Amino acid sequence: MNELLEKISDCIEFGKINLASPYPPQMKGLEGADELTAKALQEGTPPQDVLTKGLMPGMEKVGRKFRENKVFVPQVLMSAKAMSTALLHLKPHFLSGAAKQKGTFIIGTVLGDLHDIGKNLVAMMVEGSGYKVIDLGTDVSAETFIEALEENPGAVVGLSALLTTTMVNMQKITNEIKAAMPETLIAIGGAPVSEEFCEKIGADNYSADPQGVVEFLNQKFL
Amino acid sequence: MKEFHIQFDELVIDLDEVVSILGFTRYDLPEPFASYLQEALHFSESLQDIRAVFRIVDQVKIDDQHGKVIAGEIDLQVGRTVCNELNGSERLAFFICTAGKTISDKCTQLLQGENPVLGYVYDVMGSAIAEASGDRIQQILKQDAEKETYRITNRYSPGYCNWNVADQHKLFSLFQNITCGVTLTPSALMQPVKSISGVIGIGHEVTYREYPCTLCSSKQCVYRRIRQL
(Lines give C-alpha, C1' and ligand atoms only; values in the text may rest on other atoms or scores of the structure.)
Protein backbone atom coordinates (compact mmCIF):
# COMPACT_ATOMS: atom_id res chain seq x y z
CA MET A 1 0.00 0.00 0.00
CA ASN A 2 1.43 3.42 -0.86
CA GLU A 3 2.00 5.99 1.84
CA LEU A 4 -0.89 8.20 0.81
CA LEU A 5 -3.36 5.34 0.91
CA GLU A 6 -2.05 4.37 4.33
CA LYS A 7 -2.63 7.92 5.54
CA ILE A 8 -6.18 7.87 4.13
CA SER A 9 -6.80 4.61 5.95
CA ASP A 10 -5.56 6.20 9.19
CA CYS A 11 -7.85 9.20 8.69
CA ILE A 12 -10.85 6.92 8.39
CA GLU A 13 -9.77 4.77 11.31
CA PHE A 14 -9.29 7.73 13.62
CA GLY A 15 -12.06 9.97 12.24
CA LYS A 16 -9.88 12.73 10.81
CA ILE A 17 -12.22 14.55 8.45
CA ASN A 18 -10.15 17.42 7.09
CA LEU A 19 -7.33 19.82 7.90
CA ALA A 20 -9.62 22.11 9.92
CA SER A 21 -10.98 19.31 12.07
CA PRO A 22 -9.47 19.29 15.58
CA TYR A 23 -10.30 15.60 16.02
CA PRO A 24 -8.51 13.37 16.81
CA PRO A 25 -6.14 15.42 18.99
CA GLN A 26 -3.07 13.48 17.84
CA MET A 27 -3.80 14.42 14.20
CA LYS A 28 -4.62 18.09 14.81
CA GLY A 29 -3.14 20.33 12.10
CA LEU A 30 -2.69 17.45 9.65
CA GLU A 31 -4.53 16.91 6.41
CA GLY A 32 -7.61 14.71 6.66
CA ALA A 33 -9.54 12.23 4.53
CA ASP A 34 -10.91 15.12 2.47
CA GLU A 35 -7.58 16.58 1.31
CA LEU A 36 -5.71 13.28 1.08
CA THR A 37 -8.36 11.60 -1.07
CA ALA A 38 -8.38 14.57 -3.43
CA LYS A 39 -4.57 14.48 -3.54
CA ALA A 40 -4.45 10.72 -4.25
CA LEU A 41 -6.85 11.08 -7.16
CA GLN A 42 -4.95 14.10 -8.52
CA GLU A 43 -1.71 12.11 -8.39
CA GLY A 44 -3.31 9.45 -10.53
CA THR A 45 -4.04 6.76 -7.95
CA PRO A 46 -6.81 4.63 -9.46
CA PRO A 47 -10.14 5.48 -7.78
CA GLN A 48 -10.71 1.77 -7.13
CA ASP A 49 -7.44 1.64 -5.15
CA VAL A 50 -8.43 4.71 -3.12
CA LEU A 51 -11.62 2.89 -2.19
CA THR A 52 -10.31 -0.62 -1.59
CA LYS A 53 -6.78 0.10 -0.31
CA GLY A 54 -7.36 3.41 1.48
CA LEU A 55 -10.89 3.91 2.71
CA MET A 56 -12.11 0.36 3.22
CA PRO A 57 -9.20 -0.92 5.36
CA GLY A 58 -9.69 2.09 7.66
CA MET A 59 -13.38 1.40 8.02
CA GLU A 60 -12.74 -2.28 8.66
CA LYS A 61 -10.44 -1.38 11.54
CA VAL A 62 -13.14 0.87 13.04
CA GLY A 63 -15.69 -1.92 12.74
CA ARG A 64 -13.41 -4.34 14.56
CA LYS A 65 -12.58 -1.83 17.29
CA PHE A 66 -16.31 -1.13 17.82
CA ARG A 67 -16.97 -4.84 18.13
CA GLU A 68 -14.19 -5.12 20.71
CA ASN A 69 -15.49 -2.11 22.71
CA LYS A 70 -12.31 -0.20 21.94
CA VAL A 71 -14.28 2.68 20.40
CA PHE A 72 -17.86 3.87 20.89
CA VAL A 73 -20.64 5.37 18.80
CA PRO A 74 -19.21 8.92 18.59
CA GLN A 75 -15.85 7.74 17.31
CA VAL A 76 -17.58 5.57 14.71
CA LEU A 77 -19.66 8.59 13.68
CA MET A 78 -16.47 10.64 13.27
CA SER A 79 -14.98 7.88 11.09
CA ALA A 80 -18.18 7.73 9.07
CA LYS A 81 -18.07 11.48 8.58
CA ALA A 82 -14.47 11.24 7.36
CA MET A 83 -15.55 8.42 5.06
CA SER A 84 -18.52 10.29 3.59
CA THR A 85 -16.32 13.34 2.97
CA ALA A 86 -13.83 11.17 1.08
CA LEU A 87 -16.59 9.42 -0.86
CA LEU A 88 -17.72 12.76 -2.29
CA HIS A 89 -14.45 12.81 -4.27
CA LEU A 90 -15.09 9.27 -5.50
CA LYS A 91 -18.71 9.79 -6.51
CA PRO A 92 -17.94 10.95 -10.10
CA HIS A 93 -15.74 7.89 -10.51
CA PHE A 94 -18.54 5.58 -9.33
CA LEU A 95 -20.80 7.18 -11.94
CA SER A 96 -18.22 6.81 -14.70
CA GLY A 97 -17.48 3.22 -13.74
CA ALA A 98 -13.83 3.90 -12.85
CA ALA A 99 -14.58 2.75 -9.33
CA LYS A 100 -17.08 0.03 -8.60
CA GLN A 101 -19.09 -0.63 -5.50
CA LYS A 102 -19.37 -4.25 -4.45
CA GLY A 103 -23.14 -4.45 -4.37
CA THR A 104 -26.25 -2.75 -3.07
CA PHE A 105 -27.62 -2.84 0.44
CA ILE A 106 -31.10 -1.58 1.23
CA ILE A 107 -31.61 -0.77 4.89
CA GLY A 108 -34.43 0.53 7.05
CA THR A 109 -35.89 0.44 10.54
CA VAL A 110 -39.08 -1.61 10.43
CA LEU A 111 -42.63 -0.33 10.51
CA GLY A 112 -43.66 1.07 13.90
CA ASP A 113 -40.10 1.73 15.03
CA LEU A 114 -38.50 5.17 14.85
CA HIS A 115 -35.05 4.36 16.24
CA ASP A 116 -32.30 5.11 13.79
CA ILE A 117 -28.89 5.42 15.47
CA GLY A 118 -28.09 1.71 15.17
CA LYS A 119 -29.45 1.57 11.64
CA ASN A 120 -27.38 4.62 10.67
CA LEU A 121 -24.21 3.06 12.08
CA VAL A 122 -24.75 -0.05 9.99
CA ALA A 123 -25.48 2.03 6.89
CA MET A 124 -22.33 4.09 7.38
CA MET A 125 -20.15 1.07 8.02
CA VAL A 126 -21.52 -0.81 5.01
CA GLU A 127 -21.08 2.20 2.76
CA GLY A 128 -17.55 2.61 4.05
CA SER A 129 -16.89 -1.00 3.14
CA GLY A 130 -17.53 -0.37 -0.52
CA TYR A 131 -21.26 -0.92 -0.96
CA LYS A 132 -23.97 1.31 -2.37
CA VAL A 133 -26.41 1.92 0.48
CA ILE A 134 -30.03 2.85 0.04
CA ASP A 135 -31.30 4.05 3.40
CA LEU A 136 -35.08 3.99 3.53
CA GLY A 137 -35.16 5.61 6.97
CA THR A 138 -37.39 4.56 9.86
CA ASP A 139 -40.94 3.20 10.10
CA VAL A 140 -40.52 1.38 6.77
CA SER A 141 -43.23 -0.94 5.40
CA ALA A 142 -42.76 -4.19 3.45
CA GLU A 143 -44.12 -2.44 0.34
CA THR A 144 -41.40 0.20 0.49
CA PHE A 145 -38.67 -2.45 0.85
CA ILE A 146 -40.14 -4.38 -2.10
CA GLU A 147 -40.33 -1.26 -4.27
CA ALA A 148 -36.67 -0.52 -3.50
CA LEU A 149 -35.77 -4.12 -4.37
CA GLU A 150 -37.60 -3.87 -7.69
CA GLU A 151 -35.51 -0.83 -8.51
CA ASN A 152 -32.31 -2.54 -7.32
CA PRO A 153 -32.45 -6.22 -8.28
CA GLY A 154 -30.03 -8.42 -6.36
CA ALA A 155 -29.70 -6.03 -3.44
CA VAL A 156 -29.44 -7.38 0.09
CA VAL A 157 -31.93 -6.05 2.64
CA GLY A 158 -31.13 -5.02 6.21
CA LEU A 159 -33.91 -4.76 8.80
CA SER A 160 -33.40 -2.97 12.10
CA ALA A 161 -35.63 -2.89 15.20
CA LEU A 162 -35.08 -1.68 18.74
CA LEU A 163 -38.44 -2.50 20.28
CA THR A 164 -39.71 -5.94 21.16
CA THR A 165 -43.11 -4.83 19.85
CA THR A 166 -41.74 -4.18 16.39
CA MET A 167 -39.99 -7.54 16.11
CA VAL A 168 -43.40 -8.79 14.98
CA ASN A 169 -43.23 -6.38 12.05
CA MET A 170 -39.72 -7.61 11.27
CA GLN A 171 -41.20 -11.08 10.85
CA LYS A 172 -44.07 -9.82 8.65
CA ILE A 173 -41.73 -7.79 6.45
CA THR A 174 -39.34 -10.73 6.07
CA ASN A 175 -42.25 -12.98 5.07
CA GLU A 176 -43.61 -10.49 2.55
CA ILE A 177 -40.23 -9.84 0.95
CA LYS A 178 -39.49 -13.57 0.72
CA ALA A 179 -42.97 -14.19 -0.77
CA ALA A 180 -42.48 -11.49 -3.41
CA MET A 181 -38.78 -12.10 -4.08
CA PRO A 182 -37.68 -15.45 -2.65
CA GLU A 183 -34.03 -15.02 -3.66
CA THR A 184 -33.58 -11.85 -1.61
CA LEU A 185 -31.14 -12.12 1.28
CA ILE A 186 -32.25 -10.44 4.49
CA ALA A 187 -29.99 -9.45 7.38
CA ILE A 188 -31.52 -8.42 10.69
CA GLY A 189 -30.21 -6.64 13.75
CA GLY A 190 -31.13 -4.60 16.80
CA ALA A 191 -31.17 -4.92 20.57
CA PRO A 192 -34.06 -7.40 21.00
CA VAL A 193 -33.09 -9.59 18.04
CA SER A 194 -31.13 -12.83 18.23
CA GLU A 195 -29.79 -15.66 16.13
CA GLU A 196 -32.74 -17.82 17.20
CA PHE A 197 -35.23 -15.14 16.16
CA CYS A 198 -33.44 -14.84 12.81
CA GLU A 199 -33.86 -18.56 12.18
CA LYS A 200 -37.46 -18.49 13.35
CA ILE A 201 -38.53 -15.79 10.92
CA GLY A 202 -36.54 -17.15 7.98
CA ALA A 203 -34.07 -14.27 7.66
CA ASP A 204 -30.59 -15.05 6.37
CA ASN A 205 -28.31 -13.32 8.83
CA TYR A 206 -28.29 -11.92 12.34
CA SER A 207 -25.45 -9.61 13.29
CA ALA A 208 -24.80 -8.27 16.75
CA ASP A 209 -22.73 -5.39 15.38
CA PRO A 210 -22.23 -3.45 12.11
CA GLN A 211 -19.03 -5.31 11.23
CA GLY A 212 -21.04 -8.55 11.24
CA VAL A 213 -23.27 -7.15 8.48
CA VAL A 214 -20.19 -6.18 6.45
CA GLU A 215 -18.76 -9.68 6.87
CA PHE A 216 -22.07 -11.22 5.76
CA LEU A 217 -22.19 -8.99 2.69
CA ASN A 218 -18.55 -9.71 1.84
CA GLN A 219 -19.31 -13.44 1.88
CA LYS A 220 -22.25 -12.96 -0.46
CA PHE A 221 -20.77 -10.47 -2.89
CA LEU A 222 -17.17 -11.66 -3.24
CA MET B 1 -52.16 12.42 40.29
CA LYS B 2 -49.46 15.06 40.25
CA GLU B 3 -48.15 16.71 37.08
CA PHE B 4 -45.41 19.33 37.18
CA HIS B 5 -42.78 21.19 35.22
CA ILE B 6 -39.13 20.65 36.08
CA GLN B 7 -36.48 23.30 35.55
CA PHE B 8 -33.15 22.10 34.18
CA ASP B 9 -31.30 23.43 37.24
CA GLU B 10 -33.43 21.24 39.51
CA LEU B 11 -31.95 18.18 37.85
CA VAL B 12 -28.78 16.42 38.85
CA ILE B 13 -27.15 15.50 35.55
CA ASP B 14 -24.32 13.03 35.91
CA LEU B 15 -21.84 14.55 33.45
CA ASP B 16 -19.31 11.82 34.14
CA GLU B 17 -21.89 9.30 32.94
CA VAL B 18 -22.69 11.43 29.88
CA VAL B 19 -19.01 11.66 28.96
CA SER B 20 -18.45 7.95 29.57
CA ILE B 21 -21.30 7.10 27.19
CA LEU B 22 -19.48 9.22 24.64
CA GLY B 23 -16.50 6.92 25.22
CA PHE B 24 -14.25 9.34 27.10
CA THR B 25 -13.55 10.61 30.59
CA ARG B 26 -13.91 14.25 31.64
CA TYR B 27 -10.14 14.52 31.74
CA ASP B 28 -9.55 13.35 28.17
CA LEU B 29 -12.60 14.70 26.37
CA PRO B 30 -11.21 15.93 23.04
CA GLU B 31 -12.55 18.47 20.58
CA PRO B 32 -15.06 18.64 19.04
CA PHE B 33 -16.80 16.67 21.81
CA ALA B 34 -15.93 19.14 24.56
CA SER B 35 -17.48 22.01 22.55
CA TYR B 36 -20.43 19.87 21.50
CA LEU B 37 -21.11 18.93 25.10
CA GLN B 38 -20.98 22.58 26.14
CA GLU B 39 -23.39 23.45 23.34
CA ALA B 40 -25.82 20.70 24.35
CA LEU B 41 -25.61 21.78 28.01
CA HIS B 42 -26.22 25.41 27.13
CA PHE B 43 -29.19 24.43 24.96
CA SER B 44 -30.59 22.26 27.73
CA GLU B 45 -30.42 25.02 30.34
CA SER B 46 -33.13 26.91 28.47
CA LEU B 47 -35.53 23.98 28.10
CA GLN B 48 -39.02 24.80 29.31
CA ASP B 49 -40.79 21.55 28.52
CA ILE B 50 -39.22 19.09 30.94
CA ARG B 51 -42.24 17.63 32.67
CA ALA B 52 -43.28 14.78 34.90
CA VAL B 53 -46.43 13.18 36.26
CA PHE B 54 -47.02 10.40 38.74
CA ARG B 55 -50.01 8.58 40.14
CA ILE B 56 -50.03 6.46 43.27
CA VAL B 57 -52.28 3.42 43.22
CA ASP B 58 -53.24 1.97 46.62
CA GLN B 59 -54.91 -1.24 45.56
CA VAL B 60 -52.07 -3.44 44.45
CA LYS B 61 -51.28 -7.11 44.21
CA ILE B 62 -47.88 -8.51 43.31
CA ASP B 63 -48.22 -11.97 41.82
CA ASP B 64 -44.58 -12.98 41.56
CA GLN B 65 -45.40 -16.54 40.59
CA HIS B 66 -46.97 -15.35 37.37
CA GLY B 67 -44.84 -12.24 36.99
CA LYS B 68 -47.94 -10.07 37.19
CA VAL B 69 -48.85 -6.87 38.98
CA ILE B 70 -52.44 -5.79 39.51
CA ALA B 71 -52.81 -2.09 40.18
CA GLY B 72 -56.32 -0.76 40.52
CA GLU B 73 -58.09 -1.33 37.24
CA ILE B 74 -55.12 -2.68 35.27
CA ASP B 75 -52.92 -5.74 35.30
CA LEU B 76 -49.41 -5.64 34.00
CA GLN B 77 -47.25 -8.54 32.88
CA VAL B 78 -44.05 -7.11 34.35
CA GLY B 79 -42.16 -10.39 34.55
CA ARG B 80 -40.65 -12.15 37.52
CA THR B 81 -37.60 -9.93 37.85
CA VAL B 82 -39.62 -6.75 38.30
CA CYS B 83 -42.12 -8.59 40.54
CA ASN B 84 -39.24 -9.63 42.79
CA GLU B 85 -38.04 -6.05 43.01
CA LEU B 86 -41.56 -4.78 43.81
CA ASN B 87 -42.33 -7.48 46.36
CA GLY B 88 -43.69 -6.06 49.60
CA SER B 89 -45.13 -2.96 47.92
CA GLU B 90 -48.29 -1.64 49.54
CA ARG B 91 -48.69 1.06 46.92
CA LEU B 92 -47.32 1.54 43.45
CA ALA B 93 -46.32 4.87 41.97
CA PHE B 94 -46.59 4.98 38.20
CA PHE B 95 -44.85 7.80 36.41
CA ILE B 96 -44.16 9.41 33.06
CA CYS B 97 -41.48 12.02 32.56
CA THR B 98 -40.04 13.70 29.52
CA ALA B 99 -37.06 15.80 28.55
CA GLY B 100 -39.57 17.40 26.17
CA LYS B 101 -40.19 17.86 22.48
CA THR B 102 -37.60 20.62 22.08
CA ILE B 103 -34.53 18.49 22.71
CA SER B 104 -36.05 15.39 21.12
CA ASP B 105 -36.69 17.31 17.89
CA LYS B 106 -33.22 18.85 18.02
CA CYS B 107 -31.65 15.36 18.26
CA THR B 108 -33.67 14.08 15.31
CA GLN B 109 -32.88 17.14 13.22
CA LEU B 110 -29.13 16.85 13.83
CA LEU B 111 -28.93 13.07 13.58
CA GLN B 112 -30.73 13.06 10.25
CA GLY B 113 -29.09 16.21 8.99
CA GLU B 114 -25.80 17.90 8.76
CA ASN B 115 -24.14 16.83 11.99
CA PRO B 116 -24.87 13.34 13.34
CA VAL B 117 -21.96 13.57 15.78
CA LEU B 118 -23.41 16.66 17.44
CA GLY B 119 -26.82 14.98 17.20
CA TYR B 120 -25.51 12.02 19.14
CA VAL B 121 -24.19 14.30 21.89
CA TYR B 122 -27.65 15.93 22.13
CA ASP B 123 -29.19 12.46 22.12
CA VAL B 124 -27.07 11.37 25.07
CA MET B 125 -27.86 14.63 26.86
CA GLY B 126 -31.59 14.16 26.18
CA SER B 127 -31.46 10.68 27.68
CA ALA B 128 -29.58 12.03 30.71
CA ILE B 129 -32.27 14.70 31.24
CA ALA B 130 -35.06 12.12 30.99
CA GLU B 131 -33.26 9.88 33.50
CA ALA B 132 -32.55 12.81 35.81
CA SER B 133 -36.26 13.68 35.68
CA GLY B 134 -36.93 10.11 36.77
CA ASP B 135 -34.46 10.64 39.62
CA ARG B 136 -36.37 13.80 40.60
CA ILE B 137 -39.68 11.90 40.75
CA GLN B 138 -37.99 9.20 42.78
CA GLN B 139 -36.63 11.83 45.17
CA ILE B 140 -40.09 13.40 45.63
CA LEU B 141 -41.70 10.02 46.20
CA LYS B 142 -39.00 9.05 48.67
CA GLN B 143 -39.48 12.24 50.68
CA ASP B 144 -43.27 11.78 50.72
CA ALA B 145 -42.96 8.10 51.62
CA GLU B 146 -40.53 8.74 54.47
CA LYS B 147 -43.04 11.08 56.11
CA GLU B 148 -45.22 8.00 56.57
CA THR B 149 -42.26 5.75 57.44
CA TYR B 150 -42.54 4.02 54.09
CA ARG B 151 -39.64 3.14 51.83
CA ILE B 152 -39.44 2.99 48.06
CA THR B 153 -37.89 0.67 45.49
CA ASN B 154 -35.84 1.65 42.49
CA ARG B 155 -37.82 2.43 39.31
CA TYR B 156 -38.58 -0.10 36.60
CA SER B 157 -39.78 0.53 33.06
CA PRO B 158 -41.63 -1.43 30.37
CA GLY B 159 -39.14 -2.81 27.88
CA TYR B 160 -36.60 -3.73 30.57
CA CYS B 161 -36.12 -6.91 32.60
CA ASN B 162 -38.54 -8.80 30.30
CA TRP B 163 -41.41 -6.41 31.02
CA ASN B 164 -43.16 -6.29 27.66
CA VAL B 165 -43.02 -2.78 26.27
CA ALA B 166 -46.59 -3.25 24.95
CA ASP B 167 -47.74 -2.74 28.56
CA GLN B 168 -47.01 0.97 28.05
CA HIS B 169 -50.54 1.31 26.73
CA LYS B 170 -52.01 0.00 29.99
CA LEU B 171 -49.64 2.11 32.06
CA PHE B 172 -50.60 5.24 30.13
CA SER B 173 -54.30 4.44 30.62
CA LEU B 174 -53.81 5.15 34.32
CA PHE B 175 -53.12 8.80 33.52
CA GLN B 176 -56.35 9.64 31.66
CA ASN B 177 -54.55 11.79 29.06
CA ILE B 178 -52.56 13.76 31.64
CA THR B 179 -49.30 12.50 30.24
CA CYS B 180 -47.05 15.59 30.05
CA GLY B 181 -47.63 15.70 26.31
CA VAL B 182 -46.14 12.24 25.88
CA THR B 183 -48.03 10.02 23.46
CA LEU B 184 -47.62 6.42 22.38
CA THR B 185 -47.34 5.02 18.89
CA PRO B 186 -49.25 1.77 18.25
CA SER B 187 -45.93 -0.06 18.80
CA ALA B 188 -45.67 1.58 22.26
CA LEU B 189 -42.87 3.98 21.41
CA MET B 190 -43.07 7.17 23.44
CA GLN B 191 -43.02 10.52 21.71
CA PRO B 192 -41.14 12.75 22.42
CA VAL B 193 -38.55 10.01 22.31
CA LYS B 194 -36.61 11.38 25.28
CA SER B 195 -39.21 10.21 27.78
CA ILE B 196 -39.38 7.46 30.34
CA SER B 197 -42.23 5.76 32.15
CA GLY B 198 -42.39 3.12 34.81
CA VAL B 199 -43.26 2.07 38.31
CA ILE B 200 -41.83 2.48 41.81
CA GLY B 201 -42.88 0.31 44.72
CA ILE B 202 -43.79 1.88 48.08
CA GLY B 203 -44.09 -0.04 51.33
CA HIS B 204 -42.66 -0.76 54.75
CA GLU B 205 -40.95 -3.92 53.61
CA VAL B 206 -39.58 -2.92 50.21
CA THR B 207 -35.90 -2.65 49.43
CA TYR B 208 -34.15 -0.15 47.21
CA ARG B 209 -31.65 -1.95 45.04
CA GLU B 210 -29.35 -0.47 42.44
CA TYR B 211 -30.26 -1.44 38.90
CA PRO B 212 -27.46 -3.72 37.72
CA CYS B 213 -27.14 -4.69 34.08
CA THR B 214 -27.40 -8.32 35.14
CA LEU B 215 -31.14 -7.77 35.70
CA CYS B 216 -31.63 -6.93 32.04
CA SER B 217 -31.53 -9.25 29.05
CA SER B 218 -30.36 -6.67 26.52
CA LYS B 219 -26.84 -7.93 25.83
CA GLN B 220 -25.97 -5.35 23.16
CA CYS B 221 -27.08 -2.27 25.12
CA VAL B 222 -24.59 0.60 24.81
CA TYR B 223 -24.69 1.17 28.60
CA ARG B 224 -23.77 -2.44 29.31
CA ARG B 225 -20.90 -2.25 26.79
CA ILE B 226 -19.52 0.81 28.53
CA ARG B 227 -20.01 -0.44 32.09
CA GLN B 228 -18.23 -3.67 31.29
CA LEU B 229 -15.02 -1.76 30.67
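Visitor: Is B:Ile140 buried or exposed in this structure?
Guide: Happy to start there, with the reminder that this is a predicted model. B:Ile140 is found in helix α5 of chain B. Its relative accessible area is 10%, and the limit for the buried class is under 20%. With 10% below that limit, B:Ile140 counts as buried.

Visitor: How many Å lie between B:Ile140 and B:Leu86, C-alpha to C-alpha?
Guide: Along the sequence, B:Ile140 and B:Leu86 are 54 residues apart. In space, the C-alpha to C-alpha separation of this pair is 18 Å.

Visitor: Let's move on to chain B's strands. How many of the residues of β10(B) are buried?
Guide: Strand β10 of chain B covers residues 195-203. On one side, B:Ser195, B:Ser197, B:Val199, B:Gly201 and B:Gly203 are buried, and on the other side so are B:Ile196, B:Gly198, B:Ile200 and B:Ile202. Taking both sides together, the number of buried residues is 9 of 9.

Visitor: Which residue of β10(B) stands opposite B:Thr98?
Guide: The strands to look at are β6(B), residues 91-98, and β10(B), which pair in the antiparallel sense over 8 bridges. Opposite B:Thr98 in β10(B) stands B:Ser195.

Visitor: And which residue of β10(B) is the bridge partner of B:Arg151?
Guide: Here the pairing is with strand β7 of chain B, residues 151-156, again antiparallel, over 4 bridges. In β10(B), B:Arg151 has as its bridge partner B:Gly203.

Visitor: What is omega for the cis peptide bond that joins B:Gln191 and B:Pro192?
Guide: B:Pro192 sits in the loop between β9 (190-191) and β10 of chain B. The bond from B:Gln191 to B:Pro192 is cis, and its omega is about 0 degrees.

Visitor: Where in chain B is B:Pro32, which has a cis peptide bond from B:Glu31?
Guide: The bond from B:Glu31 to B:Pro32 is cis, with omega near 10 degrees. As for its place, B:Pro32 lies in the loop between α1 (15-21) and α2 (33-45) of chain B.

Visitor: What is the phi of B:Ala188?
Guide: B:Ala188 is in the loop between β8 (183-184) and β9 of chain B. At 2% relative accessibility, this residue counts as buried. B:Ala188 is not a glycine, yet its phi is positive, at about 75 degrees.

Visitor: What is the relative accessibility of A:Asn69?
Guide: A:Asn69 lies in the loop between α3 (47-67) and α4 of chain A. It also has a positive phi, about 60 degrees, although it is not a glycine. A:Asn69 counts as buried, as its relative accessibility is 15%.

Visitor: Which residue of β4(A) is the bridge partner of A:Val157?
Guide: Strand β3 (residues 156-160) pairs with β4(A) in the parallel sense over 4 bridges. Helix α7 (residues 167-180) joins these two strands in a right-handed β-α-β unit. In β4(A), the partner of A:Val157 is A:Ile186.

Visitor: Which residue of β5(A) stands opposite A:Ala187?
Guide: β4(A) and β5(A) pair in the parallel sense over 2 bridges, and with helix α8 (residues 195-201) they make a right-handed β-α-β unit. A:Ala187 and A:Gly189 point the other way from A:Ile186 and A:Ile188, and all are buried. Opposite A:Ala187 in β5(A) stands A:Asn205.

Visitor: Now for empty space. Why does the second largest pocket lie between two domains of chain A, and which ones are they?
Guide: The pocket holds about 380 Å³ of space. Of its 17 lining residues, A:Ser84, A:Asn120, A:Met124, A:Glu127 and B:Pro116 are the closest to its centre. Two or more lining residues come from each of α4, α5 and β2 of chain A and α4 and α5 of chain B. Within chain A, the pocket lies between the two domains because both give residues to its lining, namely domain 1 (3-96) and domain 2 (104-221).

Visitor: How many nonpolar residues are in the lining of the largest cavity?
Guide: The search of the whole structure finds 1 cavity of 30 Å³ or more, and the largest cavity has about 40 Å³ of space. Its lining consists of A:Leu77, A:Ile117, A:Asn120, A:Met124, B:Leu111 and B:Pro116, with the largest share, 3 residues, coming from α5(A). By class, there are no charged residues and 1 polar residue, while the nonpolar count is 5.

Conventions: Residues are numbered from 1 along each chain as its sequence is written. Chains are lettered from A and ligands numbered from 1 in the order in which they are written. This is a predicted model: local features need pLDDT of at least 70, side-chain atom pairs count only at pLDDT 80 or more; totals for chains, interfaces and linings use all residues. Side-chain values use heavy atoms; hydrogens and water are left out. Buried means under 20% relative accessible area, exposed over 50%, partly exposed in between (1.4 Å probe, protein chains only). Two strands pair if DSSP finds at least two bridges between them. A crossover is right-handed if, with the strands pointing away from the viewer, the path from the first strand over the helix to the second runs clockwise. On a 1 Å grid over the protein atoms alone, a cavity is a set of points where a 1.4 Å probe fits but cannot get out, and a pocket is an open set with protein on both sides within 12 Å along at least five of seven lines; lining residues have an atom within 4 Å of a point. Grid points are joined across faces, edges and corners, and a volume is the space filled by probe spheres set on the points. Domain bounds come from an automatic or database domain assignment. Ala, Val, Leu, Ile, Met, Phe, Trp, Tyr, Cys and Pro count as nonpolar, Asp, Glu, Lys and Arg as charged, and the others, Gly among them, as polar.
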